[in-house]
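Work through these exercises with the structure open beside you. Try each task before reading its solution.

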Amino acid sequence: MRLTKFIPFLLGGMLILGIYGCNSPESDPVIQPATPASDTADDHADHDHGDHADHEHGDHADADSPMAKMMPGLKELSPEDYKSAMAQHMCPVSGEMLGTMGAPEKVDVNGTSVWICCDGCKDKLLADPDKYLAKLNK
């Protein structure tokens with residue numbers, strides 16, 4: 001008898017957790033990846049190519065991977081900007097990977113260069129710069 005009184009509370013709690021637990025207004029924290037190696041032939045000259053010398057040494061990303069989806073937009077940038085955007089990796093406003101929506105945009109925020117995925121994120125970034133700079137520094 002006690003168990004039947006407890007079941008509605010358990011189900012209600014699970015429903016509330018399911019609805020509110022997955023709808024957090026904050027996106028996942030931005031994790032800074034290691035700076036990628038350049039894909040020039042000179043950068044590959046100092047190591048043994050062994051079994052893989054006969055294929056292209058581009059980005060080593062699977063065609064369906066998120067990294068592969070970033071590359072077309074990032075390749076539109078200068079080599080210096082490409083490295084900077086790859087080091088940041090994610091848009092602090094939307095949480096999207098930089099380059100997946102075309103070439104990312106660099107914005108100066110309080111003397112810091114910040115990459116955003118699109119022009120639509122610029123107003124939010126400039127309206128609350130401390131919030132988004134804090135995401136980059138996590």
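**Exercise 1. How many salt bridges does the structure hold?** Find the partners and place them in the fold.

Solution. This is a predicted model.

- Step 1: Count the pairs. There are two salt bridges.
- Step 2: Take the pair with Asp-81. Its side chain meets that of Lys-106, with N to O at 2.9 Å. Asp-81 sits in helix H3 (residues 79-88) and Lys-106 in strand E1 (residues 105-109), so the bridge ties together parts 25 residues apart in sequence.
- Step 3: Check burial. Asp-81 has 19% relative accessibility and counts as buried. Lys-106, at 38%, is partly exposed.
- Step 4: Turn to the pair with Lys-122. This residue forms a salt bridge with Glu-105, and the closest N and O atoms are 3.5 Å apart. Here helix H4 (residues 122-127) supplies Lys-122 and strand E1 supplies Glu-105, linking distant parts of the chain, 17 residues apart.
- Step 5: Check burial again. Lys-122 is partly exposed at 28%. Glu-105 is partly exposed at 22%.

**Exercise 2. Which residues have the most contacts inside the largest nonpolar core?** Then trace the contacts of Leu-125.

Solution.

- Step 1: Take the core as a whole. It has 23 residues.
- Step 2: Pick out those with the most contacts inside it. They are Leu-74, Cys-91, Val-93, Leu-98, Ile-116 and Leu-125.
- Step 3: Map the core onto the elements. Two or more residues come from each of helix H2 (66-74), H3, E1, strand E2 (112-116) and helix H5 (129-136).
- Step 4: Follow Leu-125, setting aside neighbours within four places in sequence. Leu-125 is in contact with Val-93, Val-107, Val-109, Val-114, Ile-116 and Tyr-132.
- Step 5: Relate this to a general trend. In soluble globular proteins, nonpolar side chains tend to be buried together.

**Exercise 3. Which residues of H5 are buried, and what covers them?**

Solution.

- Step 1: List the buried residues. In H5 they are Pro-129, Tyr-132, Leu-133, Lys-135 and Leu-136.
- Step 2: Look down the axis. These residues cover an arc of only 155°, which puts them on the same side of H5.
- Step 3: Find the cover. It includes H3, E1, E2 and H4.

**Exercise 4. Is His-89 buried or exposed?** Do the same for Asn-110, and inspect the phi of each residue.

Solution.

- Step 1: Start from the general rule. Most residues other than glycine have a negative phi.
- Step 2: Read the angles. Phi of His-89 is near 75°, a positive value. Phi of Asn-110 is also positive, near 50°.
- Step 3: Locate both residues. His-89 lies in the loop between H3 and E1. Asn-110 lies in the loop between E1 and E2.
- Step 4: Read the accessibility. His-89 is buried at 13%. Asn-110 is exposed at 59%.

**Exercise 5. How many disulfides does a search of the whole structure find?** Explain the result for Cys-91.

Solution.

- Step 1: State the count. The search finds zero disulfides.
- Step 2: Test Cys-91. The closest cysteine sulfur belongs to Cys-117, 3.8 Å away, too far for a bond. The cut-off is 2.5 Å between sulfur atoms.
- Step 3: Test Cys-118. It is in no disulfide, and the nearest cysteine sulfur, that of Cys-117, is 3.7 Å away.
- Step 4: Add the burial. Cys-91 is buried at 0% relative accessibility. Cys-118, at 22%, is partly exposed.

Note on methods: Residues numbered from 1 in each chain as written. Predicted model: local features only at pLDDT ≥ 70, side-chain atom pairs only at ≥ 80, totals over all residues. Heavy atoms only, no water. Salt bridge = Lys/Arg side-chain N within 4 Å of Asp/Glu carboxyl O. Helix = DSSP H or I, 4+ residues; strand = E, 2+ residues; numbered from the N terminus. Buried < 20%, exposed > 50% of the residue type's maximum accessible area, 1.4 Å probe, protein only. Core = buried A, V, L, I, M, F, W, Y, C linked by side-chain atoms within 4.5 Å. Contact = heavy atoms within 4.5 Å. Arc of directions from axis to C-beta.
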